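This briefing concerns the interior of the structure shown below. It takes up the enclosed cavities and then the nonpolar cores.

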Amino acid sequence: MAQQTADADSGDDASNFNVIIVTSKGTAQDAYEAPVAVTIFDPEALDSRNADSIVDIGKYVPNLTVTNFGAGNPSSQFPSIRGIGFQDHLIVIDPTVGVYVDGVYLGRQIGQNLSLDNIERLEVLRGPQGTLFGRNSVGGAVNIVTRQPGDEETASVKLQAGTRGRLAADFYGNTRLSDTVAASISFGIDRRNGLGDFLNVPNPEARVGELQDIHGRVALKWTPSDRLSVQLTADGNRGTNGQNPFTTTIKVPPGGCTAADIADLFGPYAVACAGGLDPVTSQSENPFDTNSGQADLARTTNTAYGFSGIVDYALSDELSLKFIGSYRHSGYEGGLDDDGAELDFLSFPEIGEANQYSFELQLSGQSGIFDYVGGLYYFNEDGFNFQQPTTFNGFGDGLFEQTQETESYAAYANLGVRVTDALRIAGGLRFTHDSKDATADLGFAPEFGDSASFSEVTWEASATYALADRLDIYGTVARGYQSGQFPARPFGGADTFFATDPVTAINYEAGIKGEPTDWLQMGLSVFHTTYNSFPAQVSTIGPNGFITVTDDAGDLRSIGVEWEGNVRLGAFSLNTAVGYIDSTFRNVEPGSSLANGNRAALTPRWTVAVGPQVEFDVGGGRITARADYSYRGSLEGQPNNSPTAFIDSRELLGFNVTYEPDGADWSITAYGKNITDERYTQAALDVGPYVLNILANDASEFGLKFAWSLGGN
């Protein structure tokens with residue numbers, strides 16, 4: 001796909017564009033030759049779009065949506081690609097889009113508030129990536145590659161101040177300590193005021209939507225010879241935030257509550273009638289304020305830290321061995337007061353933790369016309385979610401706890417053959433075995449649990465053909481896989497606590513990408529993907545609590561097209577990204593809450609991004625001015641297409657104007673995000689008596705950024 005990167009300005013008269021070398025398929029190759037739909041951002045592209053997180057990336061990539069629903073905590077980040085994604089955070093739910101940092105898979109996406117201030121590039125791969133990336137990349141993968149110690153001698157500082165109380169500061173340094181040892185360090189702080197207030201909580205610990213994050217990363221690289229390098233990395237972050245903004249739409253019976261409505265604690269009008277709530281006054285006039293009286297839910301926190309080691313050893317000039325080992329911990333606290341009123345009728349304070357280990361041994365190389373990569377992989381994760389004291393339909397001091405331990409191992413191999421100078425074909429296989437042990441404690445009954453194991457072979461076959469220099473076509477057929485999973489919130493009892501079938505996917509894809517002219521860089525792909533036994537999540541209220549049904553709804557078929565383009569005409573450039581997808585359920589199982597033809601959740605048919613940019617000299621310096629438009633069409637909040645969980649389309653506008661004096665090592669930028677102050681819903685959940693509408697924490701913001709750097713490449 002076209003690269004969202006800085007334009008080339010020297011060194012290659014044949015092209016106006018940089019061509020990034022990617023490792024999205026396990027071996028180094030230029031992005032045009034990689035047989036996958038991939039969007040690539042370098043640091044300059046992220047900064048010019050004012051992208052601070054993965055949530056912001058979701059505004060600019062076709063057929064990508066990113067939400068943050070989990071436990072009312074704004075640090076959660078849940079990508080959905082091409083119709084595939086979950087917005088549930090509990091330990092028994094695996095993500096369908098894998099997130100990787102320097103080859104390390106992040107098993108949890110709440111409590112991992114990733115900073116983007118120390119990266120070399122960010123790759124968004126669309127479609128099943130089950131051969132090289134593994135079991136939980138059935139929808140796609142986000143691959144983050146950080147800058148390596150010793151690659152540059154540099155120090156940089158970034159400062160930011162803006163409306164909404166935005167204050168941010170980042171430092172990055174990279175240097176050689178000796179001929180064989182190099183180090184890099186980055187740390188920063190970022191805070192922003194909230195959008196609303198707790199109207200019925202005196203002196204709350206945080207405002208609604210408030211953000212504060214502290215993060216740091218240290219890497220040390222030892223290179224005793226040309227053949228051996230050892231890199232050790234430690235990183236961590238701590239977030240102290242306000243509750244994510246949301247509203248509750250309470251369902252009211254026509255004509256008012258009857259005695260039967262009041263007595264039915266689990267009926268469609270339980271909150272309005274049995275809870276004794278006035279559906280008008282229970283909601284604040286400003287949807288970003290809240291009438292909740294639950295002081296313990298005002299503040300949320302997230303924390304994560306990890307250690308990794310990477311050993312690279314060149315066995316020969318054409319054969320390399322790599323080992324990646326890691327440990328990660330993540331945790332959070334949060335929760336929701338579902339009724340949104342001062343009366344405590346439904347409230348669920350929550351904490352959670354997860355610990356993971358992973359080890360990978362990889363062999364890669366090239367011999368004549370062959371290139372290859374293969375390896376062994378092991379992953380272990382254990383974690384829990386804990387809620388107490390909960391209040392459910394007026395009954396307090398409730399308890400809910402889930403635990404799960406996952407063990408996974410895999411073996412994979414991929415072989416590429418350069419048949420001619422223009423044609424390369426490749427194929428790969430991966431065997432994965434997963435086992436899970438899960439328990440649930442509902443508080444009012446003995447703890448119960450179950451175990452499940454899954455084994456699957458995934459594969460991929462591809463061909464890339466060079467039509468011309470810097471212009472390639474490709475075709476790919478791939479099979480992806482995601483392990484089965486136990487139900488979240490199993491208040492239906494022990495009889496309902498069993499794992500779903502694993503998801504398998506077959507993806508057919510073809511595309512063309514490169515530079516058909518000296519002023520256009522582009523990528524166009526078409527795809528047809530069928531997900532078998534896709535588990536659809538729908539929540540309802542039962543006699544003892546919420547029941548989240550994760551049933552094998554049927555098959556999900558996704559058909560679509562994606563375009564990315566980058567036009568450069570002198571000092572003017574224009575980035576475009578357009579995605580269209582039709583993603584619907586078919587062959588729905590009898591008894592499912594879905595129907596044939598239901599649209600996939602969180603999947604707008606149209607996604608559009610347009611970004612014009614112009615550069616010009618002025619006053620002994622250079623100004624770069626950019627505007628960005630992002631559109632996400634209407635979408636379904638739930639796979640059963642509940643009309644009360646329907647989410648309207650949204651349009652966002654932003655700008656970035658940077659002045660850099662000639663020969664200077666500093667620059668200053670004026671920026672604006674969501675300048676029309678569009679307020680929009682990002683996710684919705686209909687549980688029967690009411691609907692939770694999770695609002696985007698994304699109001700307008702204007703400010704200044706100052707950047708200083710010394711050295712660098």
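The cavity count comes to 13, each of 30 Å³ or more, in what is a predicted model. The second largest cavity holds about 140 Å³ of space. Two separate nonpolar cores are also described, one of them the largest, with 33 residues, and the other with 22 residues.

**Second largest cavity**

- The lining of the second largest cavity consists of 15 residues, among which Lys-59, Tyr-60, Gly-654, Lys-673 and Asn-674 are the closest to its centre.
- Three strands each contribute at least two residues to this lining: strand 29 (621-632), strand 32 (650-661) and strand 33 (666-673).
- Strand 32 accounts for the largest share of the lining, with 3 residues.
- Sorted by class, the lining comprises 6 charged, 5 polar and 4 nonpolar residues.

**Nonpolar cores**

- Within the largest nonpolar core, which has 33 residues, the members that touch the most others are Val-92, Phe-486, Tyr-531, Phe-534, Leu-556, Phe-585 and Leu-594.
- At least two residues of this core come from each of strand 21 (423-441), strand 22 (448-468), strand 24 (503-517), strand 25 (520-541) and strand 26 (546-569).
- Strand 25 makes the greatest contribution to the largest core, supplying 4 residues.
- A second core, separate from the largest, has 22 residues, including Ile-54, Val-99, Ile-119 and Val-124.

Key: Residues are numbered from 1 along each chain as its sequence is written. This is a predicted model: local features need pLDDT of at least 70, side-chain atom pairs count only at pLDDT 80 or more; totals for chains, interfaces and linings use all residues. Side-chain values use heavy atoms; hydrogens and water are left out. A nonpolar core is a set of buried Ala, Val, Leu, Ile, Met, Phe, Trp, Tyr and Cys residues joined through side-chain atoms within 4.5 Å. Buried means under 20% relative accessible area, exposed over 50%, partly exposed in between (1.4 Å probe, protein chains only). On a 1 Å grid over the protein atoms alone, a cavity is a set of points where a 1.4 Å probe fits but cannot get out, and a pocket is an open set with protein on both sides within 12 Å along at least five of seven lines; lining residues have an atom within 4 Å of a point. Grid points are joined across faces, edges and corners, and a volume is the space filled by probe spheres set on the points. Ala, Val, Leu, Ile, Met, Phe, Trp, Tyr, Cys and Pro count as nonpolar, Asp, Glu, Lys and Arg as charged, and the others, Gly among them, as polar.
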